[in-house]
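Colleague: Hi! Could you walk me through this one before I head back to the bench?
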Amino acid sequence: MKRTRSVCPFCGCGCSFYILSEGDRVVGIEPSPENPVNKGMLCVKGWNAHEFIHSPERLTKPLIRKKGELVEASWEEALKLVAEKLLGIKEKFGPRALAFLCSAKVSNEENFLFMKLARAAFKTNNVDHCARL
Amino acid sequence: MKTLAKKDINKILGIWAQKHALLAPAKMDNGDCIFGAFNEKTFTLDYKKPPLSPKSFFFPQAEVIFRVENNKYNEVVAAKKGLIFGLRSCDMMGIRQSSSFMFRDNEDIYYKAKQSSAAMVVMACPHAQNETCFCTTTLSGPVAKKGFDLQLYDTGDVFLVEVGSPRGEELLVGIPLAEMEESKAKQKIDEFIKKARQSIPEVKLVASAMEKLKDKKVAEKVWDDFGAKCITCGGCAFVCPTCTCFNVYDHQYSPGNGLRLRAWDACLYGGFTREASGHNPRASQALRLKRRHEHKLLDYNSTDIQDGLCGCVGCGRCSDYCPVHIGTLEVVKAIAG
Amino acid sequence: MVGLAATFGSGAMTNSINDFDEADLFLVTGSNTTEQHPLIGSRIINAKQRGAQLLIIDPRDIPLAKFADLHLRHNIGTDVAVLNGMMNVIIEEGLYDKEFVATRTENFEQLKEVVSKYPPKTVEKISGIAAADLKKAARMYAKADKAMIAYAMGITQHTTGVDNVKSCANLAMLTGHLGRAAVGVNPLRGQNNVQGACDMGGLPNVYSSYQPVIDAAVKKKFEDAWKVEGLDDKPGLTITDMMDAAQKGELKALYIMGENPLMSDPNTTHIEQSLSNLDFLVIQDIFLSETAKKADVVLPAASFAEKEGTYTNTERKAQLAYQAVSPPGQARPDWQIICAVSKLAGYPMDYASPADIMKEINSLSPSYGGITYERLSNNTGLQWPCPNVEHPGTAFLHKDKFSKGLGTFMPCEFKPPAEMPDDEYDFMLTTGRVYYQFHTGTMTRRVNILEREAPEALLEINPDDAKKLGIRNKEKVEVSSRRGSVQLKAEVTERVPPKVVFSTFHFNEACINLLTNSAFDPVAKIPEYKSCAVKIRRCA
Ligand code: SF4
Ligand code: SF4
Ligand code: SF4
Ligand code: SF4
């Protein structure tokens with residue numbers, strides 16, 4: 001059994017817990033007793049945060065729309081398409097025709113990189129996120 | 001009686017770890033003390049009660065019980081040869097009570113596989129671990145009477161070793177041991193227990209609360225007040241060593257492929273007792289809290305109680321980890337105080 | 001955010017979660033705290049038991065209201081009037097903190113003038129709050145030694161959201177409830193890393209640590225660090241402007257990471273048209289959300305348990321989360337996907353790990369200067385501002401001075417909600433969350449216990465109204481606004497006052513944002529989820 005320190009993925013309280021796992025399977029949650037925010041406690045969402053991780057509905061492969069349908073594709077193909085399309089639109093309509101939405105659910109590092117992608121790679125300040133509070 | 005030198009403890013655990021999946025208390029770098037896979041660097045003897053009780057080792061919060069692969073059914077009864085080092089005696093009683101429940105009527109094979117393959121080393125409590133300990137009241141501490149393979153008494157430089165089973169004997173093979181004269185050891189243990197008991201005063205209100213529950217003399221207002229505060233987190237049931245409720249879910253990954261898992265559930269959640277018609281026999285949080293505490297203090301199956309007092313083993317976790325202070329201790333006070 | 005930044009110079013929660021254990025009085029407004037921030041709500045319940053006072057300003061009878069010493073159920077959207085009324089009483093009765101006002105603030109005269117127009121009798125007419133109650137509330141708040149204001153989306157999601165926030169800030173400054181422990185103005189963030197997304201520059205006008213894009217020195221600093229030329233020096237589009245631009249055909253491509261605007265944003269029909277109008281939509285997420293179904297490319301991402309990274313909670317505290325398990329199938333951590341896209345777009349970004357990215361954040365973002373992996377790995381988090389590795393982090397802001405120097409009173413006049421009930425659309429609809437579900441439900445609806453506890457959207461309606469319309473509990477009703485209509489079950493309850501109905505936006509079967517109004521607060525661009533006019537009928 002492995003214990004990995006983590007942060008609750010739901011509300012902004014930022015409760016800290018350990019993810020208990022066996023191999024690649026999450027088997028439980030244990031709140032951090034010393035964390036000053038939650039002191040060994042969690043709400044119903046935090047206590048049950050283990051389950052959606054292994055949901056059968058998780059996306060496991062890139063998808064590309066072909067003839068109107070989303071179909072599975074390789075990473076190579078999907079990434080290439082994204083880069084080419086974005087560059088092409090930037091070329092034709094200018095950087096302001098592109099926009100990027102950051103996420104209140106991913107990490108700081110990822111949000112930083114995403115805004116760097118928008119600003120440094122595509123030269124646009126059209127960057128925002130979905131939760132304005 | 002056999003003794004172990006405290007300075008050798010890391011070495012001894014190292015030896016045990018070679019043949020067992022060894023779980024031991026660990027102090028993490030952020031200050032948390034929890035049980036985890038033994039690691040010389042984080043191992044500590046200075047630990048309290050971690051939020052999760054040891055039931056989580058035999059009955060994990062979320063556990064796959066079978067998989068279906070290409071329409072073929074594969075049962076998953078997983079167990080490693082384990083060893084849990086440093087159990088407290090309240091938790092030992094929790095394991096005995098839960099095991100009795102899980103083995104009664106239909107044996108729970110998933111629980112049994114894990115429970116029976118794990119050796120258990122109890123660390124007797126020299127004093128209360130914090131202000132919510134009340135094992136002397138529930139007859140489950142400060143030292144364990146049964147169930148363990150080994151029980152250690154910390155007497156300073158050495159641990160006195162009480163052997164509880166043949167598996168315990170086996171664990172001692174190849175371990176550096178010394179001897180202490182039986183009478184002297186017995187005297188030391190008596191002193192140890194006496195001192196420990198003094199620091200864990202009996203909570204007299206528990207008995208009167210049990211009486212009042214039995215006589216149905218608890219004012220509804222007690223439950224209404226608690227019900228108004230409860231945030232329905234389910235934590236009290238999840239941390240409790242003797243709560244064993246679960247629900248079963250199926251996850252289908254593709255036709256003919258999927259798994260069934262069982263995951264902890266709690267009687268504090270409204271949906272736990274809601275019937276298909278929408279009717280709920282425990283319609284309010286007050287009623288759900290009442291039910292939980294009746295179960296702990298009044299209605300626990302008498303064979304499952306073992307030689308304890310009731311279905312609560314006095315670990316105090318529900319008081320430690322309820323966000324709004326509705327633990328058994330607080331409830332007992334409200335009922336009987 | 002914007003409202004607080006204007007008054008104090010910083011838009012984040014001024015105090016800490018642990019302060020809730022110390023305060024003498026809580027003014028909770030527009031926050032259903034026990035359901036949306038349960039472990040802050042629990043602290044308020046505990047504080048009540050130790051004798052703290054609780055003042056709630058909320059139209060709905062939220063669960064916390066059971067514990068309130070005073071609950072003002074004002075008419076929806078009249079927050080500014082109520083807060084101005086409280087300040088009116090406080091000034092009239094000389095209850096304000098004269099020293100704090102004199103030494104730490106500016107613009108007091110202007111505030112005085114504006115709030116003088118809101119005596120309790122006038123406020124009673126606007127808000128429905130009895131003059132006597134308003135006075136009582138004002139005195140309670142002003143006289144408490146340590147009084148904390150806590151608010152959430154119920155304050156910000158109005159066309160007057162910024163004014164609401166400014167009014168909260170005015171009230172706190174007026175009474176000197178700032179710059180100490182256990183006081184302050186505390187916006188409770190709804191998601192685990194909203195604070196971080198803002199801090200990292202996930203906004204059109206600033207880089208990380210709120211460094212403005214229009215500042216030439218800042219631009220130069222980022223150009224040097226990133227080895228690029230010609231960074232955009234004009235603020236970009238906000239999400240609401242993006243949707244409008246897409247509809248007009250000016251915006252051609254949108255790349256969305258981990259969000260589901262089709263469910264979370266108001267006026268779903270408008271969003272749907274905007275997204276369909278794009279030439280290219282990329283979604284990077286862990287589930288095929290409603291929005292992802294519309295995408296041209298969907299990139300599978302790792303969940304929080306499958307990667308390493310830091311998250312900043314509502315009290316400005318960054319904490320480290322490690323990787324527990326591998327991502328499923330070919331899913332990848334977002335940071336790796338971003339690096340791969342960037343490389344193919346001709347701007348290689350090479351990072352060995354999230355720790356490596358954090359080093360760059362440390363060097364470019366003053367408030368995160370000392371928030372390193374090394375420190376986070378052996379503590380329980382660091383609260384910004386934390387400018388260097390010796391700095392212990394900051395538990396409360398504005399100690400001796402405000403981030404911008406003096407705190408500026410920004411008095412606001414009351415403006416009614418953009419859409420008021422009329423003869424045809426005679427109810428006010430307000431939206432929010434339930435305890436068991438989270439945001440658009442993409443994660444919580446895949447947790448059996450949570451789904452069992454709250455499996456469907458309900459429309460809360462007052463018993464009087466229900467009776468008039470012949471609606472019984474759990475009966476299906478149709479709610480319609482000028483933008484669309486939705487069918488769902490009614491829950492007949494006193495939680496809502498007459499002529500107000502409430503529902504949630506977690507459920508795609510009854511997408512309540514089909515109804516809501518995308519009229520925006522002109523400054524913060526937060527849509528008015530909190531009120532729109534609807535009509536209700538029983539389904540045959
Ligand atoms: S456990 Fe509950 S209160 Fe804590 S962060 Fe998660 S959702 Fe928020
Ligand atoms: S309840 Fe008793 S046995 Fe359990 S930890 Fe406390 S003192 Fe030890
Ligand atoms: S009811 Fe509380 S004190 Fe008793 S065993 Fe369970 S968690 Fe421990
Ligand atoms: S731990 Fe407390 S708040 Fe949570 S369900 Fe139990 S009694 Fe209710």
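Modeller: Happy to; we can talk about how the chains meet and then about some salt bridges.

Modeller: One thing up front: this is a predicted model.

Colleague: Good to know. How many residues do chain C and chain A each put into their contact?

Modeller: Chain C brings 147 residues and chain A brings 97 residues. Together they bury about 10,600 Å², and carbon and sulfur atoms give 65% of that area.

Colleague: And what about polar contacts between chain C and chain A?

Modeller: There are 61 residue pairs in polar contact there, counting pairs with both residues at pLDDT 80 or more. On the side of chain C that touches chain A, helix α16 (residues 334-344) of chain C has the largest share, with nine residues. By class, that side of chain C has 83 nonpolar, 38 polar and 26 charged residues.

Colleague: Which strands pair between chain A and chain C?

Modeller: Strand β4 (residues 63-66) of chain A pairs with strand β9 (residues 297-300) of chain C, in the antiparallel sense and over two bridges. Ile64(A), for example, has Val297(C) as its bridge partner in β9(C).

Colleague: Switching to salt bridges: how many cross the interface of chain C and chain A?

Modeller: Six of them; over all chains the count comes to 52. One that crosses between chains runs from Arg58(A), in the loop between α1 and β4 of chain A, to Glu306(C), in the loop between β9 and β10 of chain C. Their side chains meet at 2.8 Å, N to O.

Colleague: Is Arg58(A) buried or exposed? And where does Glu306(C) fall, buried or exposed?

Modeller: Arg58(A) counts as buried because its relative accessibility is 6%, and Glu306(C) is buried too, at 2%.

Colleague: What does Lys61(A) pair with?

Modeller: Lys61(A) makes a salt bridge with Glu72(A), at 3.4 Å, N to O. Lys61(A) sits in the loop between α1 and β4 of chain A and Glu72(A) in strand β5, so the pair ties together parts 11 residues apart in sequence. Lys61(A) is partly exposed at 32% relative accessibility, whereas Glu72(A) is exposed at 52%.

Colleague: Anything in chain C that reaches further along the sequence?

Modeller: Asp426(C) and Lys499(C) meet in a salt bridge at 3.6 Å, N to O. Asp426(C) is in the loop between β13 and β14 and Lys499(C) in the loop between β17 and β18, so this pair links parts 73 residues apart in sequence.

Colleague: Last one: which residues form a salt-bridge network in chain B?

Modeller: Glu63(B), Asp108(B), Lys114(B) and Arg262(B) are linked in one.

Key. Residues numbered from 1 in each chain as written. Chains lettered and ligands numbered in written order. Predicted model: local features only at pLDDT ≥ 70, side-chain atom pairs only at ≥ 80, totals over all residues. Heavy atoms only, no water. Contact = heavy atoms within 4.5 Å. Buried area = accessible area lost by both parts, 1.4 Å probe. Salt bridge = Lys/Arg side-chain N within 4 Å of Asp/Glu carboxyl O. Polar contact = N/O pair within 3.5 Å; in protein donor to acceptor, adjacent residues only side chain to side chain. Helix = DSSP H or I, 4+ residues; strand = E, 2+ residues; numbered from the N terminus. Nonpolar A, V, L, I, M, F, W, Y, C, P; charged D, E, K, R; others polar. Pairing = 2+ DSSP bridges. Buried < 20%, exposed > 50% of the residue type's maximum accessible area, 1.4 Å probe, protein only.
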